[in-house]
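Work through the exercises below with the sequence and the structure at hand. Each task is followed by a solution in steps.

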Amino acid sequence: MALYREGAIEPVADEGPVPVAFAEWLKDGKAPAVSLANTDPVEALQPHLGGLSLIVLHFPKFSDGRAYSQARLLRERFGYRGELRATGGVLRDQLPFLLRCGFDSFESEQTGFGEALASARTLFSVVYQPTGDGRATASQLRLQRRNVRLAAD
Amino acid sequence: MPDTHFYRYDDYDRSLIAERVEQFRDQVRRRLAGELTEEQFKPLRLTNGLYLQLHAYMLRIAIPYGTLSSRQLRKLADIARRFDRGYGHFTTRQNLQLNWIKLEDAPDALAALAEVDMHAIQTSGNLIRNVTADHFAGAAVDEIEDPRIWCEIIRQWSTFHPEFSFLPRKFKIAITGSPNDRAAVRVHDVGLRLWRNDQDDVGFEVIVGGGLGRTPLIGKTLREFLPKEELLAYLEATLRVYNRYGRRDNLYKSRIKILVHEVGVEKVREEVEAEFAAIKDGALKLAPETIEAIARQFAPPPLRPKRTRVPEVEALKLEDRDFALWLISNTAPHRVPGHAIVTASLKPAGAPPGDASAVQMEGIADIADRYSQGEIRVSHEQNLVLPHVAIEDLPAVYKALRRLGFAEANVGKITDIIACPGLDYCALANARSIPVAQRISLHFAELARQHDIGDLKIKISGCINACGHHHVGHIGILGVDKNGVELYQISLGGDVDFGKTTLGTILGPAVAADKVVEAVDALVATYLETRRTGERFVDTYRRIGAQPFKDRVYGAV
């Protein structure tokens, strides 16, 4: 399976720690990499996030979107800063969503995936939802504009 | 052309829609080049409103909160002419469907829509669908606050939501700003009802888990009173709980209503409130300036109070019986004295409910420009509404609508039938809906008789997915297939109006297609013979029960 990260069109080498399954990891919570099913509770990782450098979240099908919620909770609620990888049904047209939810590495066999990744953040110049990616939303930009206008008046 | 009195896109909204068209153009190109399989392409086209139906692709165009400007309606007519067969079908979810779109034309059709700040985003797929509202919003006498302000706030938040684009199943939200609910909020995944509490604050009752379809359920109150500025955080919490815990093992058990039904509303509430507590003071909390900026765009048109008693109107009432009936059934009180809300009936005798040709759309746009502030609404009952008409203009509006064939005085009456597209168009249907509606419509065409029968809602679905809302019809008709024969199951006593949401009860064995009219006739005859003064059909049914109706129907067919 090809692994992609932002910054490279071509697949990158997978040199990180080998993830262990969630049930295995739970035994001592010490392994640096863990792989979750999309039904596993991400809450259980919270006390150990400092020791984790890779969390793998799985899409059994591209149409099963549970891992998007897991990703946002890890990034935004629990403050996880390590690598967050999407595996399984990962298609290039999902990339804008995946990136906004905090994924930063992707396993995919789809043709053109690397090219799509390179342009996924700029495909849409406007976002409406605040997420952990920190992009200013349309309504935040409107407020800024309004304040600039008021200051100028 | 008058100014619009609803949300106008700014450069942010426009950029996003334009970029979306280009993204879809590339996706269609890849599909046509064979780079995408149909399975991979399907969710992409669906989130752009493109369905593959029985005969062709169907494009479902979003009409957010059912509100259109005349300019937008003219563009819809133009698109129907250029890319389809010159007509469109207004749906029960305030959308417009074009039934004969070619895949290679779809990106151009979407680009044409974008010219008037419209799109087909999220009209399909397992995500948050186009949000619906009271079609009398901004004009109704009983309104506490215009629900469209909140629909627009939700439209923006839900558009391309990165976390909620692959939910277990579709998710429909409806909002009413009036105590007399005209948006059917109790039969949606989430229904929002604006109300004013004892402290004189306006907020939302949040209702969850309603829905029709295979398992009709009436929604339960998730939160009695939600402060308005917390709406998006609360919805995000609700959707997150649904996305994580909603069933995905069975298509028919994946709506949030099943989650609510199986684990109980108390458990769902506990989860949602816990999630909400964690995010409520975050970036989703609505700034007062944001709410005000959107609310300002829905400021009502500057209508001056006018005469309520107009001699020309009174004279025409005496002279033209159909006009007099039309005033009764097709106009509703407006909050500004001397004005009325006019419903243009898209149900002339024998016509497919909800269809309008390009010429008719343009005709309505002209009438709206001249007499209704350039504004048109689509109702969930598949009619078009002219929300701001002066009473003194009613004769002219009536005549103009009559020329278009949209002045049938039947709104709320037995021929104002809701029907899904049925087997004529839909790949899911078991039976035809439109021809059944047409036969009933022709049988009861006589207007004086319809007005004598009074308020009676017939709703027809061609399969148990219930797009024709048959569960909440006073008379519900459901098409079923029995060994290749189309049969129709009749239910009585459903109701969705004014907050008294009730599901109908099946009357008895399904009847053959050619017996549906006789059955309806027998139901009506039973009602007419037993009603008390002032009783509607559904009131009589509630008083006397099913048996007399049953005896008559199964004695007759």
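**Exercise 1.** Find how many residues of domain 1 of chain B are in contact with domain 4 of chain B, and describe the domain 1 side by class.

Solution. The model is a predicted one. Step 1: take the division of chain B, which has domain 1 (11-114), domain 2 (140-296), domain 3 (323-404) and domain 4 (418-556). Step 2: count the contacts; 5 residues of domain 1 of chain B touch 7 residues of domain 4 of chain B. Step 3: sort the domain 1 side that touches domain 4 of chain B by class, which yields 1 nonpolar, 4 polar and no charged residues. Step 4: add the separation of the two domains, whose C-alpha centres in chain B are 33 Å apart.

**Exercise 2.** Decide whether strand 8 of chain B is largely enclosed or not, and identify the strands that pair with strand 8 of chain B.

Solution. Step 1: a residue is buried if 20 or more other C-beta atoms lie within 10 Å of its own. Strand 8 of chain B covers residues 190-196, and 5 of its 7 residues are buried, so the strand is largely enclosed by the rest of the structure. Step 2: on one side, look at strand 7 (residues 173-176) of chain B, which pairs with strand 8 of chain B in the parallel sense over 4 bridges. Within this part, T176(B) has R193(B) in strand 8 of chain B as its bridge partner. Step 3: turn to strand 9 (residues 202-208) of chain B, which runs antiparallel to strand 8 of chain B and is joined to it by 7 bridges. Here I207(B) in strand 9 of chain B stands opposite G191(B). Step 4: inspect the hairpin of strands 8 and 9 of chain B, with 5 residues between the strands; D200(B) has a positive phi near 70° there.

**Exercise 3.** Describe the side of chain B that touches chain A.

Solution. Step 1: the contact involves 32 residues of chain B and 28 residues of chain A. Step 2: list the elements of chain B that give two or more residues to this side: helix 1 (11-32), helix 2 (38-46), helix 5 (148-158), helix 6 (231-245) and helix 9 (288-297). Step 3: the largest share comes from helix 1 of chain B, with 6 residues. Step 4: by class, the side of chain B that touches chain A holds 14 nonpolar, 11 polar and 7 charged residues.

**Exercise 4.** Why does chain B count as compact as a globular protein of its length?

Solution. Step 1: chain B contains 18 helices and 21 strands. Step 2: its radius of gyration is 23 Å, and the globule rule gives 24 Å for 557 residues; the values are close, so chain B is as compact as a globular protein of that length. Step 3: along the principal axes, the C-alpha trace of chain B spans about 60 × 60 × 60 Å. Step 4: of the 557 residues of chain B, 56% count as buried.

**Exercise 5.** Which helix gives the most to the side of domain 1 of chain A that touches domain 2 of chain A?

Solution. Step 1: chain A is divided into domain 1 (3-122) and domain 2 (125-153). Step 2: the contact takes 8 residues from domain 1 of chain A and 4 residues from domain 2 of chain A. Step 3: helix 2 (66-77) and helix 3 (95-100) of chain A each supply at least two residues of the domain 1 side. Step 4: helix 2 of chain A gives the most, with 3 residues.

Terms used: Residues numbered from 1 in each chain as written. Chains lettered and ligands numbered in written order. Predicted model: local features only at pLDDT ≥ 70, side-chain atom pairs only at ≥ 80, totals over all residues. Buried ≥ 20, exposed ≤ 12 C-beta atoms within 10 Å, placed from the backbone. Pairing = 2+ DSSP bridges. Domains from an automatic or database assignment. Contact = placed C-beta atoms within 7 Å. Nonpolar A, V, L, I, M, F, W, Y, C, P; charged D, E, K, R; others polar. Rg over C-alpha atoms; globule rule 2.2 N^0.38 Å.
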